[in-house]
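Work through these exercises with the structure open beside you. Try each task before you read its solution.

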Amino acid sequence: MADMAGSYWRCARCDEALTARKTVFTYLGHSFTHETLRCPKCGRVLIPPELARGKMAEVEEQLEDK
Amino acid sequence: MKTNKIRGREARADAPGNLSGNKRRTGVEAVYGTVSVCPVCLKRVDAAIVGRDGGYFMEKTCDEHGFFSTVVWRGDDPPFEGWGEIKSAAPDSRPALGCPGACGLCAGHLQKTCCALVEVTHRCNLRCPVCFADSGVARVSARLSVETLYARFRKLAAAGSTFVQLSGGEPTTRDDLPEIVAAAKRAGCEYVQLNSNGIRLGAEPEYTRALAEAGLDFVFMQFDGVRDDIYERLRGRPLFDIKRAAIDACAEQYLGVTLVPTIAPGINDGDIGAILEFGFRRSPAVRGVHFQPISYFGRYPGAPGDGGRITLPEIMRAIDSQTGGKVKISDLLPSACDHPRCGFHGDFAVLPNNTLLKLTKKGKAASSSCCDDAHLRNRKFVARRWKRAPAGAEEDTAVGADDYRDMDGFLARVKSHGFTITCMAFQDAYNLDLERLRRCSLHVFDGRRTVPFCARYITARRMP
């Protein structure tokens with residue numbers, strides 16, 4: 001992910017620089033992959049607000065039943 | 001099925017319906033009591049839903065016209081009593097005494113309007129042997145002006161009923177239908193749906209374009225099968241090529257089409273899988289299939305026997321078996337916006353190899369609700385699926401959309417090729433159950449009263 005390549009984010013716990021990795025999200029029994037910044041040591045993931053309010057919210061909306 | 005036992009789930013002293021008549025009948029399980037009408041005089045009568053002979057039946061007796069029994073559910077897959085959760089109404093809540101004869105929504109009604117149907121004409125360019133509205137070529141129509149209709153749309157929009165279906169008769173018999181569509185949009189209707197047989201849409205693509213330009217959102221198209229003999233029997237003439245032309249004309253304008261088959265035993269109940277496969281192949285122009293088991297109101301040839309009926313579970317089993325398990329019963333959920341036994345729905349996306357991405361997950365359905373926002377959720381759901389993405393959007397979002405586990409690929413495909421399989425089992429004078437009726441969210445608005453669809457069109461049996 002181009003905008004993540006030069007990320008200045010570091011893991012608060014491990015102080016490692018976050019790297020872009022494919023992450024699996026699960027919602028309502030469906031699994032999705034998306035590239036996010038992750039700590040290479042502890043595996044914690046950074047979910048930026050634009051992803052939470054953007055694509056993740058869209059997926060949620062599409063899967064919401066009537 | 002358990003037998004010879006009164007379960008009496010709703011057989012309280014204050015409950016509608018009289019179950020006592022079934023207590024001593026061997027092999028009969030009374031499930032609940034309700035209120036219905038006599039199919040001959042439409043007078044209110046107590047009714048019981050009873051289990052027997054591998055199915056469930058409505059039984060009722062009119063003092064004047066005698067005993068009536070009508071099948072309402074055949075078989076146990078899915079099970080009658082396990083199909084959907086019904087939230088209880090208030091303990092003292094009963095259908096109003098005037099229900100359904102003096103209907104206009106009242107305090108006894110438990111659901112708000114999801115879709116408001118507005119009749120724009122009584123004329124039709126077909127003369128189908130079965131027609132809920134008893135429309136016809138020669139029928140004189142009180143032709144409502146665009147201004148009058150605009151006032152109705154304004155009333156609806158002001159009340160929050162912003163999903164309008166233009167119905168009739170056949171709305172496309174009106175040359176000024178594009179103006180009516182524009183009036184509905186101008187009045188604040190968010191979604192305008194056209195209920196049509198499609199004949200004029202295919203024959204006059206410029207008329208279809210005018211409707212799209214006026215703001216029409218999607219089309220509910222009568223579509224009973226993929227063979228002409230089906231149309232000859234149900235509609236009186238061959239129409240398959242005409243239906244295809246109508247879908248093409250709508251596709252040209254990016255108007256989403258939902259196919260609406262009336263399913264009649266012995267005519268097209270063996271074609272349910274073929275209708276679905278046709279729909280899948282025409283995705284994204286076709287946005288879904290909405291099955292309607294044949295019901296008997298308006299114009300119909302004669303008093304229906306049980307052989308003339310196909311019930312909700314039979315439609316579901318046919319979908320499963322006739323698609324070779326591509327769509328399973330477990331992919332379908334009870335209606336949440338109406339009474340669960342009024343319908344079902346399944347949510348899918350059609351993939352390039354004509355397989356399905358299944359979006360509906362068992363156990364995620366909301367219960368049939370009263371006094372909440374189910375009507376708003378349903379409106380949003382159907383609009384999201386039935387409205388087609390505008391020109392260009394499908395091509396753009398298809399880029400890289402070959403991995404549907406990828407969030408971008410998933411979103412692109414679901415938005416462009418979403419596909420619903422839905423069903424609504426209308427009630428007629430033979431099987432009307434007021435417990436179902438008062439959870440109805442499809443309402444007809446005549447400018448003064450808002451009436452549930454089945455109450456609006458209920459028709460007394462014509463005596464020979």
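**Exercise 1. Two helices across the chains**

At what angle do helix α3 of chain A and helix α11 of chain B pack, and how far apart are their axes?

Solution. Start with the ground rules. This is a predicted model, in which local features need pLDDT of at least 70, side-chain atom pairs count only at pLDDT 80 or more, and totals for chains, interfaces and linings use all residues. Residues are numbered from 1 along each chain as its sequence is written, while chains are lettered from A and ligands numbered from 1 in the order in which they are written.

Step 1. Find the elements. Helices (H or I, at least four residues) and strands (E, at least two) are DSSP runs, numbered from the N terminus. Helix α3(A) covers residues 55-63, and helix α11(B) covers residues 407-417.

Step 2. Read off the geometry. The angle is about 45 degrees, and the axes are 10 Å apart. Axes are lines fitted to C-alpha atoms, for helices over the stretch in contact, and angles run from 0 to 180 degrees between N-to-C directions.

Step 3. Classify the angle. Under 35 degrees counts as roughly parallel, over 145 as roughly antiparallel, 65 to 115 as roughly perpendicular, and the rest as oblique. α3(A) and α11(B) are therefore oblique to each other.

Step 4. List the residues that touch. α3(A) brings A:Lys55, A:Glu58, A:Val59 and A:Gln62, and α11(B) brings B:Met407, B:Phe410, B:Leu411 and B:Val414. Contact requires C-beta atoms, placed from the backbone, within 7 Å.

Step 5. Sort them. There are 5 nonpolar, 1 polar and 2 charged residues in this contact. Ala, Val, Leu, Ile, Met, Phe, Trp, Tyr, Cys and Pro count as nonpolar, Asp, Glu, Lys and Arg as charged, and the others, Gly among them, as polar.

**Exercise 2. The contact between the chains**

Find how many residues each chain gives to the contact, and which element of chain B gives the most.

Solution. Step 1. Count by chain: 19 residues come from chain B and 13 residues from chain A.

Step 2. Look for elements on the chain B side. α9 (374-386) and α11 each supply at least two residues. α11(B) gives the most, with 4 residues.

Step 3. Sort the chain B side: 11 nonpolar, 3 polar and 5 charged.

**Exercise 3. A four-stranded sheet**

Trace the open sheet of 4 strands in chain B and name its edges.

Solution. Step 1. Give the order. It is β1-β2-β3-β4, with antiparallel pairing. Two strands pair if DSSP finds at least two bridges between them.

Step 2. Name the edges. β1 (29-37) and β4 (66-74) of chain B each pair on one side only. The twist averages 25 degrees from one strand to the next.

Step 3. Walk across the pairs. β1(B) and β2(B) share 8 bridges, and B:Ser36 has B:Val45 as its bridge partner. β2(B) and β3(B) share 6 bridges, with B:Ala48 opposite B:Glu59. β3(B) and β4(B) share 8 bridges, and here B:Lys60 partners B:Phe68.

Step 4. Test burial in β2(B). A residue is buried if 20 or more other C-beta atoms lie within 10 Å of its own, exposed if 12 or fewer, and partly exposed in between; C-beta atoms are placed from the backbone. In β2(B), 7 of the 9 residues are buried, so this strand is largely enclosed by the rest of the structure.

**Exercise 4. Unusual backbone**

Most residues other than glycine have a negative phi, and most peptide bonds are trans. Find residues with a positive phi, then find cis peptide bonds.

Solution. Step 1. Check the hairpins of chain B. The one formed by β1(B) and β2(B) has 6 residues between the strands, and B:Leu42 there takes a positive phi near 65 degrees. The one formed by β2(B) and β3(B) has 2 residues between the strands, and B:Asp53 in its turn has a positive phi of about 55 degrees. B:Asp53 counts as partly exposed, with 13 C-beta neighbours inside 10 Å.

Step 2. Check chain A. A:Asp15 has a positive phi of about 60 degrees. A:Asp15 sits in the loop between α1 (2-5) and β1 (19-27) of chain A. A:Asp15 is exposed, with 9 other C-beta atoms within 10 Å.

Step 3. Check the prolines. The bond from B:Asp77 to B:Pro78 is cis, with omega near 0 degrees. B:Pro78 is in the loop between β4 and β5 (115-119) of chain B. The bond from B:Ser283 to B:Pro284 is also cis, with omega near 10 degrees.

How values were computed: Contact = placed C-beta atoms within 7 Å.
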